[in-house]
Every structure is written in C-alpha cells, then in structure tokens.
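Welcome to this guided tour. Open your viewer, get ready to select residues by number, and follow along stop by stop.

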Amino acid sequence: MIFLKIVTPLLQDLQTGAARQSNVIATKITAMTKLLMVCMGNICRSPMAQIVAQKLTSDAMCSHQLMFDSAGTHAHRLGEPSDPRAQAALSSHGYDAGRIRSRKITQLDFQNFDMLLAMDARNLHELRRLSPPEHLNKLRLFLTFAEGLNETEVADPYYGNREGFERVLTLCEAGARGLIKHWTAQRLSASPF
C-alpha cells in the first residue's frame with residue numbers, strides 16, 4: 001500500500017505539462033541504440049561479437065540502452081547455431097554462448113539498426129553493395145572502435161583451429177569495449193552516435 005501511495009503520484013506527475021516539456025530530453029536519454037554485427041556466415045565472428053558486446057554492455061549497466069544482433073552477408077547455414085568452436089571459446093571465458101541462429105542480412109536491417117558493424121573489409125564492401133544509399137553512413141568496421149590495436153579486421157577463423165577462435169574472442173572484447181566507451185562519450189556529449 002505504501003508503495004502505491006508513493007508511485008501513483010509520481011506516475012501522475014509524469015503526465016503533467018512539466019513532464020511533456022522535457023519529452024525531447026527524455027526521449028534522447030532513453031532511446032535504444034541498435035547495433036548489428038555482420039560477418040559472412042553468421043556462425044563464428046558476428047555471433048561472438050554480439051554475445052561479447054551484450055555481456056560487456058550488461059556489465060557496464062547500459063544494456064537497457066544498447067541492443068545487439070548479428071547477421072551474415074551470405075549465411076549459407078541459415079537457422080543453424082554458432083560454430084561449436086565459437087561456443088567453446090565463449091564458454092571457456094565465462095560467456096553464455098546463447099541460442100543465436102544464423103540469419104542473413106535483410107533490407108529491413110539497414111532501416112532498423114543505427115549502425116551495422118562489419119567484421120572485415122570484404123563484408124563491409126558487401127554491406128555497401130546491399131545498402132540503400134540513405135543508410136551508407138551507418139556502415140563501419142567493428143574494430144575501428146578498438147583501442148590499441150594495429151588490426152582493423154576480425155579474421156575469419158572458420159578454416160583454422162581453436163587459437164583462431166580465441167583470437168576472435170580477444171578482438172571482439174577489444175572492439176566491444178571501445179564501442180561502449182565511444183557510445184558513452186557520445187551520449188555524454190549529446191552527439192549522434
């Protein structure tokens with residue numbers, strides 16, 4: 001009962017003119033930023049990047065403002081789970097490998113996501129080819145956000161060994177940390193992402 005006595009007036013205050021006047025500010029602060037991680041098949045790199053980014057975002061307590069998904073430019077194995085080696089690398093470092101299923105990028109993705117992050121130049125080129133012109137500004141390489149790396153691409157580990165998947169995980173962590181740091185700085189300066 002006490003809870004309702006406190007919350008009810010607060011909810012009513014939100015509907016007053018004062019709350020409506022601050023609607024623009026509130027919308028900017030609470031708007032969800034949607035990011036799509038993209039590789040070729042959506043079974044190795046992009047699902048790993050998605051899972052890492054989701055976990056690090058949750059750890060930074062901003063998961064209510066950043067949403068991640070992943071897709072592939074080719075995704076020949078539609079509907080299949082991530083590569084078992086990707087799942088093993090994630091699990092061995094405390095990440096929940098999740099239930100991500102491979103999917104192919106769609107035209108709606110260009111409209112629905114604020115940024116599409118390619119794992120390498122080949123997939124960035126493919127995204128540019130597929131993208132409507134008005135959404136080209138949303139396309140980036142994922143590792144452009146990583147600090148202290150000489151690499152700009154997350155190499156495809158599919159034909160390699162376990163070490164390749166470990167390297168992908170390390171790069172995804174660096175990219176996700178940099179992305180969160182960049183997003184936080186943009187939010188604080190009220191600049192567009």
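**Stop 1: Asp120**

Start by selecting Asp120, which counts as buried at 9% relative accessibility. Here, buried means under 20% relative accessible area, exposed means over 50%, and partly exposed is in between, using a 1.4 Å probe and protein chains only. What you have on screen is a predicted model, in which local features need pLDDT of at least 70, side-chain atom pairs count only at pLDDT 80 or more, and totals for chains, interfaces and linings use all residues. Residues are numbered from 1 along each chain as its sequence is written, and side-chain values use heavy atoms, with hydrogens and water left out.

Asp120 sits in the loop between β3 and α7. Those labels come from DSSP runs: helices are H or I with at least four residues, strands are E with at least two, and both are numbered from the N terminus.

Which side chain does the side chain of Asp120 make a polar contact with? It is the side chain of Arg45, at 2.7 Å. A polar contact is a pair of N or O atoms within 3.5 Å; within protein, one must be able to donate a hydrogen and the other to accept it, and residues adjacent in sequence count only if both atoms are side-chain atoms.

Asp120 also caps the N-terminal end of α7, with a side-chain oxygen 3.3 Å from the backbone nitrogen of Arg122. Leaving aside neighbours within four places in sequence, Asp120 is in contact (heavy atoms within 4.5 Å) with Arg45, Leu141, Glu153 and Val154.

**Stop 2: Arg45**

Now select Arg45, in helix α4. Is Arg45 buried or exposed? At 1% relative accessibility, Arg45 counts as buried. Draw a distance from the side chain of Arg45 to the backbone oxygen of Val154, and you should find 2.8 Å. Not counting residues up to four places away in sequence, Arg45 touches several residues, including Cys39, Met119, Asn123, Asp156 and Cys172.

**Stop 3: Ala118**

Next, pick Ala118 in strand β3. Ala118 is buried, with a relative accessible area of 0%. Ala118 and Arg45 are 73 residues apart in sequence, while their C-alpha atoms are 9.7 Å apart in space. Beyond four places in sequence, the residues that Ala118 touches include Val38, Leu124, Leu127 and Phe142.

**Stop 4: helix α7**

Select residues 121-130 to light up α7, then colour its buried residues Asn123, Leu124, Glu126 and Leu127. Looking down the axis of α7, you will see these buried residues fall within an arc of 160°, so they line one face of the helix; the arc is that of the directions from the helix axis to the C-beta atoms. The face turned away from the buried side carries the exposed residues Arg122, His125 and Arg129. What covers the buried residues of α7 includes β1 (33-39), α4 (45-59), α6 (107-112), β3 (115-118) and β4 (139-141).

Stay on this helix and zoom in on Glu126, buried at 13% relative accessibility. Leaving aside neighbours within four places in sequence, Glu126 is in contact with Thr73 and His74. The C-alpha atoms of Glu126 and Thr73 are separated by 6.9 Å, with their positions 53 residues apart along the chain.

**Stop 5: α4 and its partners**

Show α4 together with α8, residues 162-189. These helices pack at an angle of about 45°, with their axes 9 Å apart. Axes are lines fitted to C-alpha atoms, for helices over the stretch in contact, and angles run from 0 to 180 degrees between N-to-C directions. α4 and α8 are therefore oblique to each other; angles under 35 degrees count as roughly parallel, over 145 as roughly antiparallel, 65 to 115 as roughly perpendicular and the rest as oblique. Among the residues making the contact are Met48, Val52 and Leu56 of α4 and Phe165, Leu169 and Ile180 of α8.

Swap α8 for α5, residues 84-92: the axes of α4 and α5 come within 10 Å and cross at roughly 20°. α4 and α5 are therefore roughly parallel to each other. Their contact is made by Met48, Ile51 and Val52 of α4 and Ala86, Ala89 and Leu90 of α5.

**Last stop: the whole protein**

Zoom out and you can find 8 helices and 4 strands. Of the 193 residues, 41% count as buried.
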